[in-house]
Amino acid sequence: MSGTEGFDPDRVKCVVWDLDGTLWDEIAVESATDALPVPRPRMLAAIDALADRGVLSSIASRSAPSVLGRLDDVPGLRARFLAPQVSWQDKSESLRAIAKDLGIAVEALLLVDDSPYERAEVEALLPGVRTLDPAEVPALLAAFEGREETPESRARVHRYRTEETRRAEAERFRGTREEFLRRCGMRLTVGAAMPEEIPRALELAARTHRLNSSGLTPDRLRELAGSAGHELFTAAMTDRFGDYGVIGAALVDGTAPAVRSVPLLALSCRVAGRGAAAAFLFRLMERSRAAGAEEFRVTLRPTDANLEMRMLLRQAGLRRTDDTADTADTADTAAGAVLGRSLHGDLPEPPAWLHVSDREDTEA
């Protein structure tokens with residue numbers, strides 16, 4: 001897809017920038033010296049403006065790999081980019097590598113490239129990726145103007161940088177995956193959403209896809225969270241490398257005394273594969289039982305992206321119910337189903353490597 005027409009900024013997590021003719025005017029490998037061309041100030045300003053709104057930036061350039069090492073020679077330049085790819089491989093392959101390194105779907109990338117050929121190659125092989133000419137960057141920024149800047153969004157680049165450190169250490173670690181996760185010292189804290197966390201919860205509802213149960217819109221989530229009998233919960237995580245921030249949000253409907261229903265469960269893809277999604281879900285079950293509920297339900301709207309969430313719910317013992325009342329007030333999940341399970345007997349336990357606590361316990 002090319003251009004900004006019909007553009008949905010909530011689907012873009014990372015903008016990938018070409019170098020020659022895009023980030024700067026000249027061709028780096030044709031320089032008479034080792035000095036890189038001077039970056040275009042308007043492009044650097046665009047990268048910084050996107051970072052303030054939680055949008056990452058990377059590089060995909062068909063050039064000599066040595067160019068990547070020379071980025072460190074320009075103060076502050078290399079730090080703007082995550083998982084950069086500089087090689088002679090096709091742009092589509094570079095984008096696949098970036099998505100894999102960042103742990104996001106390739107469709108969450110957007111390419112800015114001055115070459116019509118490169119844009120066409122990506123559009124043909126990665127049809128879910130939008131491409132733009134550099135002249136369209138102002139329109140790109142305009143599309144993000146309405147997105148609220150939050151402490152979480154401003155910290156996102158730093159947190160992905162920390163994730164690079166985690167990944168590098170995991171690659172060097174000689175033990176098993178579980179042994180490494182135990183070594184990380186992960187701690188998950190669950191509690192009712194604090195006012196300053198609500199923008200992040202709304203962002204998770206809008207921007208998560210792999211670990212999103214229903215696709216409830218932010219506006220509908222805000223409306224339901226403010227209605228009687230509903231409560232919005234968040235989950236935050238830390239480990240020895242740093243703070244993940246708020247990585248999960250769940251809306252819990254307690255209007256039926258014997259049932260706790262979850263119209264939305266959403267978690268950041270940054271914690272996929274670390275047990276955080278399961279631990280959050282299990283703690284919600286425990287809290288529901290402690291509040292006197294006998295049954296726990298989750299609204300699920302299956303999509304091409306949320307197979308991981310569907311598997312999690314099944315592994316937690318939730319099965320489709322015949323009762324569709326839970327979806328009656330959530331029109332955004334019209335094609336969804338209600339999955340439920342009894343809260344009697346043993347409940348699933350979180351992974352052994354992850355310490356889980358309630359925020360109230362932490363503050364006490």
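Biologist: Which residue in β8 is the bridge partner of Thr238?

Modeller: Asp243 is the partner of Thr238. Keep in mind that this is a predicted model.

Biologist: How do you know that β7 and β8 are paired, and how many bridges join them?

Modeller: The count is 10 bridges between β7, residues 230-239, and β8. Pairing needs at least two bridges, so β7 and β8 pass. The two strands run antiparallel.

Biologist: What joins β7 to β8 along the chain?

Modeller: A hairpin does, through 2 residues.

Biologist: How many bridges does β8 make with β9?

Modeller: There are 5 bridges between β8 and β9, residues 259-267. At least two are needed, so β8 and β9 also count as a pair. Their direction is antiparallel. One of the bridges links Ala250 to Leu265 in β9. A hairpin with 5 residues between the strands connects β8 and β9.

Biologist: What makes β8 a mostly covered strand?

Modeller: Of its 12 residues, 10 are buried. Each of those has under 20% relative accessible area, because that is what buried means.

Biologist: Now single residues. Why does Thr299 count as buried?

Modeller: Its relative accessibility is 2%. The cut-off is under 20%, so Thr299 is buried. Thr299 lies in β10, residues 295-300.

Biologist: Which residue, 86 places from Thr299 along the chain, has its C-alpha atom 6.6 Å away?

Modeller: That residue is Ser213.

Biologist: And Ser94, is it buried or exposed?

Modeller: Buried, with a relative accessible area of 1%. Exposed would need over 50%, and buried needs under 20%, so the value settles it. Ser94 sits in helix α3, residues 91-102.

Biologist: Which residues does Ser94 touch, leaving out those up to four places away in sequence?

Modeller: Ser94 touches Ala60, Gln85, Ser87 and Gln89. Each counts as a contact because heavy atoms lie within 4.5 Å.

Biologist: On to the cavities. How many are there of 30 Å³ or more?

Modeller: There are 2. The largest has a volume of about 130 Å³. The second largest holds about 50 Å³.

Biologist: What makes a space a cavity and not a pocket?

Modeller: A 1.4 Å probe fits inside but cannot get out, whereas a pocket is open.

Biologist: Which residues line the largest cavity?

Modeller: The lining includes Lys13, Leu56, Arg156, Tyr160, Glu203 and Arg270. Two elements give two or more residues to this lining: α7 (156-172) and α9 (198-207). α9 gives the most, with 4 residues.

Biologist: How many residues of each class are in the lining of the largest cavity?

Modeller: It has 6 charged, 4 nonpolar and 2 polar residues. Tyr160 and Cys269 are in this lining. Tyr and Cys count as nonpolar, so they belong with the nonpolar group.

Biologist: Which residues line the second largest cavity?

Modeller: Arg159, Thr162, Glu163, Arg166, Gly242, Asp243, Tyr244 and Arg270. α7 and β8 (242-253) each supply at least two of them. α7 gives the most, with 4 residues.

Biologist: How many residues of each class line the second largest cavity?

Modeller: The lining has 5 charged, 2 polar and 1 nonpolar residues. Gly242 is on the list. Gly is classed as polar, so it falls in the polar group.

Methods. Residues numbered from 1 in each chain as written. Predicted model: local features only at pLDDT ≥ 70, side-chain atom pairs only at ≥ 80, totals over all residues. Heavy atoms only, no water. 1 Å grid on protein atoms, 1.4 Å probe; cavity = no way out; pocket = protein on both sides within 12 Å on 5 of 7 lines; lining within 4 Å. Points joined across faces, edges and corners; volume = space filled by probe spheres on them. Buried < 20%, exposed > 50% of the residue type's maximum accessible area, 1.4 Å probe, protein only.
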